[in-house]
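User: I am new to this structure and should like to be guided through it by questions and answers. Please show the sequence and the model to begin.

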Amino acid sequence: MNDDMLQKLVEQVSLTFFHKPFKHKAIFNNRLRTTGGRYILSSHNIEINRKYYEQFGQEELIQIIKHELCHYHLHLEGKGYRHCDRDFRELLKQVQAPRFCKPLSSPKQIKQHRYICSTCHFIYVRKRKVDTNRYVCGRCRGKIKKLD
């Protein structure tokens with residue numbers, strides 16, 4: 001799916017569920033990492049995370065579009081368009097749009113470094129390496145060794 005197909009899909013979803021036209025741009029933004037999409041207040045454009053389409057398909061993409069269109073239409077009407085506003089929550093229920101999108105599954109594995117205290121045998125798990133010559137156990141001040 002490219003940006004032109006996304007634009008047509010957003011216009012179609014807007015007319016189908018909201019009975020109002022979508023008059024701005026909808027594009028894929030590959031730099032989005034943790035959100036399914038976003039509505040930009042200054043330009044009224046909608047950006048969608050392409051990874052959600054690739055991982056979950058068109059059904060999840062339509063749910064994200066409905067959510068962003070709730071922000072869009074409420075903002076243009078001068079009503080409460082933020083997540084905490086009553087108008088926003090009511091419109092989400094009317095169009096059956098989710099308040100949050102599904103989490104993406106992360107393909108990369110986070111490496112863990114495991115250390116053990118030679119005195120009290122407490123095991124430390126860290127994301128970053130620890131200089132065992134510089135640091136000691138925080139519980140008993142014993143020497144720390146790296147586990148394999």
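User: Which residues does T132 touch, not counting residues up to four places away in sequence?
Analyst: In this predicted model, T132 belongs to the loop between β5 and β6. Residues up to four places away in sequence are not counted. The residues that T132 then touches are Y115, K143, I144 and K146.

User: How far apart in space are T132 and K145, C-alpha to C-alpha?
Analyst: Along the sequence, T132 and K145 are 13 residues apart. Their separation in space, taken from C-alpha to C-alpha, is 6.5 Å.

User: Is T132 buried, partly exposed or exposed?
Analyst: The relative accessibility of T132 is 24%. Buried means under 20% and exposed means over 50%. T132 therefore counts as partly exposed.

User: What is the order of the strands in the open sheet with antiparallel pairing?
Analyst: This open sheet has three strands. Strands β5 (123–126) and β6 (144–146) stand at its edges with a single partner strand each, so one side of each has no neighbour in the sheet. Direction ignored, neighbouring strands are turned against each other by 30 degrees on average. The order is β5-β4-β6.

User: Which residue of β6 is the bridge partner of Y115?
Analyst: Strand β4 (residues 113–117) pairs with β5 in the antiparallel sense over four bridges, and β4 pairs with β6 in the antiparallel sense over three bridges. On the β5 side, Y115 has Y124 as its bridge partner, while H113 is partnered by R126. In β6, the bridge partner of Y115 is K146.

User: How many of the residues of β4 are buried?
Analyst: Strand β4 has five residues and is mostly covered. The number of them that are buried is four.

User: Which residue in the turn of the hairpin formed by β4 and β5 has a positive phi?
Analyst: The two strands of this hairpin have five residues between them. The residue in question is not a glycine, although its phi is about 65 degrees. At 54% relative accessibility, this residue counts as exposed. The residue is H121.

User: Where is Q96 found?
Analyst: Q96 has a phi near 55 degrees, a positive value in a residue other than glycine. Its relative accessible area is 64%, so Q96 is exposed. Q96 is found in the loop between α4 (86–95) and β4.

User: Are α1 and α3 roughly parallel or roughly perpendicular to each other?
Analyst: Helix α1 (residues 3–18) packs against helix α3 (residues 58–77) at an angle of about 65 degrees, with the axes 10 Å apart. Angles of 65 to 115 degrees count as roughly perpendicular. The two helices, α1 and α3, are therefore roughly perpendicular.

User: How many residues of the contact of α1 with α3 are nonpolar?
Analyst: From α1, the contact is made by L6, L9, V10, V13, S14, F17 and F18; from α3, by Q58, L61, I62, I65, K66, L69, C70 and H73. Among these residues, three are polar and one is charged. The nonpolar residues number 11.

User: Is the crossing of α3 and α4 left-handed or right-handed?
Analyst: The axes of α3 and α4 come within 10 Å and cross at roughly 135 degrees. That angle makes α3 oblique to α4. The handedness of their crossing is right-handed.

User: Which residues of α4 meet α3?
Analyst: On the α3 side, the residues involved are K66, H67, C70, H71 and L74. The residues of this contact divide into six nonpolar, two polar and two charged. From α4, the residues are D87, F88, L91, L92 and V95.

User: What is the order of the strands in the open sheet with mixed pairing?
Analyst: Three strands form this open sheet. Strands β1 (26–28) and β2 (37–39) stand at the edges, each with a single partner strand, so one side of each is left without a neighbour. The twist from one strand to the next averages 15 degrees. The order is β1-β3-β2.

User: Which strands of this sheet does α1 touch?
Analyst: Within the sheet, β2 and strand β3 (residues 46–48) pair in the antiparallel sense over three bridges, with I46 in β3 as the bridge partner of Y39. Helix α1 packs on the sheet, and its direction makes about 135 degrees with that of β1. The strands touched by α1 are β1 and β3.

Conventions: Residues numbered from 1 in each chain as written. Predicted model: local features only at pLDDT ≥ 70, side-chain atom pairs only at ≥ 80, totals over all residues. Heavy atoms only, no water. Axes fitted to C-alpha atoms, helices over the stretch in contact; angles between N-to-C directions. Parallel < 35°, antiparallel > 145°, perpendicular 65-115°, else oblique. Contact = heavy atoms within 4.5 Å. Nonpolar A, V, L, I, M, F, W, Y, C, P; charged D, E, K, R; others polar. Pairing = 2+ DSSP bridges. Buried < 20%, exposed > 50% of the residue type's maximum accessible area, 1.4 Å probe, protein only. Left-handed = near helix turned anticlockwise from the far one by under 90°.
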